[in-house]
Amino acid sequence: MTAFSLEPAQLAWCAELRTLAAERLHPLADKGEPGHVNRALVAELGSLGLLGRLFTSGALDLCLMRESLAYACTEAETALALQGLGAHPVHAYGTEAQRARWLPRVTAGTAIAAFALSEPGAGSDAAALELRAEADALRGGRSSGAAQAGGSPDTAQAGGSSGTAQAGGSPDTAQAGRSSGTAQAGGSPDTAQAGRSSGAAQTGRSPDTPALAAAPDGPARWRLTGEKCWISNAPEADFYTVFARTTPGAGARGVTAFLVPADRPGLTGRGLDMLSPHPIGALDFDAVPVTADDVLGEADRGFRVAMGTLNLFRPSVGAFAVGMAQAALDATLAHTAGRDAFGGKLRDLQAVSHQVAEMALRTEAARLMVHAAASAYDADDPDVPRRSAMAKLLATETAQYVVDTAVQLHGARALQRGHLLEHLYREVRAPRIYEGASEVQRGIIAKELYARQEAR
């Protein structure tokens, strides 16, 4: 099979998924409360066997699932994707004990997962996550005179006291460890719906928004202190894949991924009132204890965990976007074919028919690029970072154009609450931000192109 065609069995499966989404998942989605995890919907995804496929299928299969579900029920698509994003690091990098404890519950839809990467000052610039260690402060109640680990003047103190937590203070925090294709992870639904139009790194943070800190607490033990923000499924998830700095001043080379159950002492959270209906929140870590048993992968190699996850899920974000674009296109075809205007049907107006043609052209081009990127991932192609970035960029920008044009051709009715396009209009904006904003994707593509040129 080439990257540009699907087998009849795959096409039939996609049609089946669209039917399941419309008939079994959409009614459950309608009963959900905006801003909260819809556990009944997640459980149904598990009973249908879709959550299990997150860990047994390849990237193309994931893309087909996400596009098909998005076409008929964006809430179901997002619930499935967030389970995959939060639990993939456990599947790919976890120990046997970690996988045995959490993956059966994730696939059954009885445990909610979350991917906690972004911080108030480190959204698109994932390598700027900062960690400070104050072992003495932790044992002594975190007094203001606690020692700074490493002795470097640009290493901020942990513990969240006034004026001590400043992420990105060191020039190498934002830049170190960015090999070709790994720059600016942009990481996750964490950045989603944050309202940020720019993917540029934020290099500072106010004293009252501390970076997440992982402080040593004896051999192979740490304490996490700080904040995560714009985390999808927070604060209602059952466990979090958390990225924290374990080596100050090391940039991408000093981040560790931890599996943190939601009931750990010192971990609290709050929901954020966002445009998107799915839950997004902030997490506060007050000396949350973690040990070597909670590490995903290797200590100080968490950036690899983040990028390995994002390289898989970025093309599938494009698939989500394509599903929404196709739904908007089909709604527009039906509307313009039946709407009387100016002595005929809307479709008879050349200005309208040409716009519909452009919508279809861009949607199909985005779909093909998504499939090509997913196939490259499944083939272990070394060009995956560039292809993934291209697929996400083209598909999400395309979906924004298609949905906006559909609204324009429908007129005011499309902006009424409850209309399909009103729903898509709210949903389509966020994918251009989360898991790496469009500007971040352009940066990755350019870096990859120049790296290839220099290697010749």
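**The largest pocket and what surrounds it**

In this predicted model, the largest pocket has a lining of 37 residues, and the ones that sit nearest its centre are Ala 29, Thr 74, Glu 75, Pro 277 and His 423. The space inside the largest pocket comes to about 680 Å³. Several helices help to build its wall: α1 (8-30), α2 (39-47), α4 (59-72), α5 (74-93) and α12 (420-427) each give at least two residues to the lining. As for chemistry, the lining splits into 17 nonpolar, 14 polar and six charged residues.

Stepping back to the whole chain, there are 13 helices and ten strands. Of the 456 residues in the chain, 56% are buried. Contacts between residues 24 or more positions apart make up 76% of those with a separation of 6 or more.

Next comes the nonpolar interior. The largest nonpolar core holds 100 residues, and Leu 45, Leu 80, Leu 224 and Phe 258 are the members that touch the most others in it. Helix α9 (residues 302-338) provides the largest share of this core, with 14 residues. Another core lies apart from it and has six residues, including Ala 389, Leu 393, Ala 437 and Ile 444. Back in the largest core, Leu 80 gives a good look at who meets whom. Setting aside residues up to four places away in sequence, Leu 80 touches Leu 45, Leu 50, Leu 51, Leu 54, Leu 62, Met 65, Arg 66 and Leu 69.

Leu 51 turns up again around a glycine. Gly 109 belongs to the loop between α6 (96-108) and β1 (113-116). Its relative accessibility is 6%, so Gly 109 counts as buried. Beyond its neighbours within four places in sequence, Gly 109 is in contact with Arg 39, Val 42, Ala 43, Gly 46 and Leu 51. Another glycine, Gly 52, is 57 residues away from Gly 109 along the chain, yet their C-alpha atoms are 9.3 Å apart.

Strand β3 (residues 221-232) is home to a lysine worth a look, Lys 228. Lys 228 counts as buried because its relative accessibility is 0%. Two partners can be picked out for its side chain. One is the side chain of Glu 119, with which Lys 228 makes a polar contact at 3.2 Å. The other is the backbone oxygen of Phe 243, which the Lys 228 side chain reaches at 2.6 Å.

Finally, a few spots in the backbone stand out. Most residues other than glycine have a negative phi, and most peptide bonds are trans. Trp 230, also in strand β3, has a positive phi, near 60 degrees, although this residue is not a glycine. With a relative accessibility of 14%, below the 20% cut-off, Trp 230 counts as buried. A little further along, the peptide bond between Ala 234 and Pro 235 is cis, with omega at about 5 degrees. Pro 235 sits in the loop that runs between β3 and β4 (239-245). Asp 300 has a positive phi too, near 70 degrees, and is likewise a residue other than glycine. The loop between β8 (295-296) and α9 is where Asp 300 is found. Asp 300 has a relative accessibility of 21%, so this residue counts as partly exposed.

Key
Residues are numbered from 1 along each chain as its sequence is written. This is a predicted model: local features need pLDDT of at least 70, side-chain atom pairs count only at pLDDT 80 or more; totals for chains, interfaces and linings use all residues. Side-chain values use heavy atoms; hydrogens and water are left out. Helices (H or I, at least four residues) and strands (E, at least two) are DSSP runs, numbered from the N terminus. Buried means under 20% relative accessible area, exposed over 50%, partly exposed in between (1.4 Å probe, protein chains only). Contact means heavy atoms within 4.5 Å. On a 1 Å grid over the protein atoms alone, a cavity is a set of points where a 1.4 Å probe fits but cannot get out, and a pocket is an open set with protein on both sides within 12 Å along at least five of seven lines; lining residues have an atom within 4 Å of a point. Grid points are joined across faces, edges and corners, and a volume is the space filled by probe spheres set on the points. Ala, Val, Leu, Ile, Met, Phe, Trp, Tyr, Cys and Pro count as nonpolar, Asp, Glu, Lys and Arg as charged, and the others, Gly among them, as polar. A nonpolar core is a set of buried Ala, Val, Leu, Ile, Met, Phe, Trp, Tyr and Cys residues joined through side-chain atoms within 4.5 Å. A polar contact is a pair of N or O atoms within 3.5 Å; within protein, one must be able to donate a hydrogen and the other to accept it, and residues adjacent in sequence count only if both atoms are side-chain atoms.
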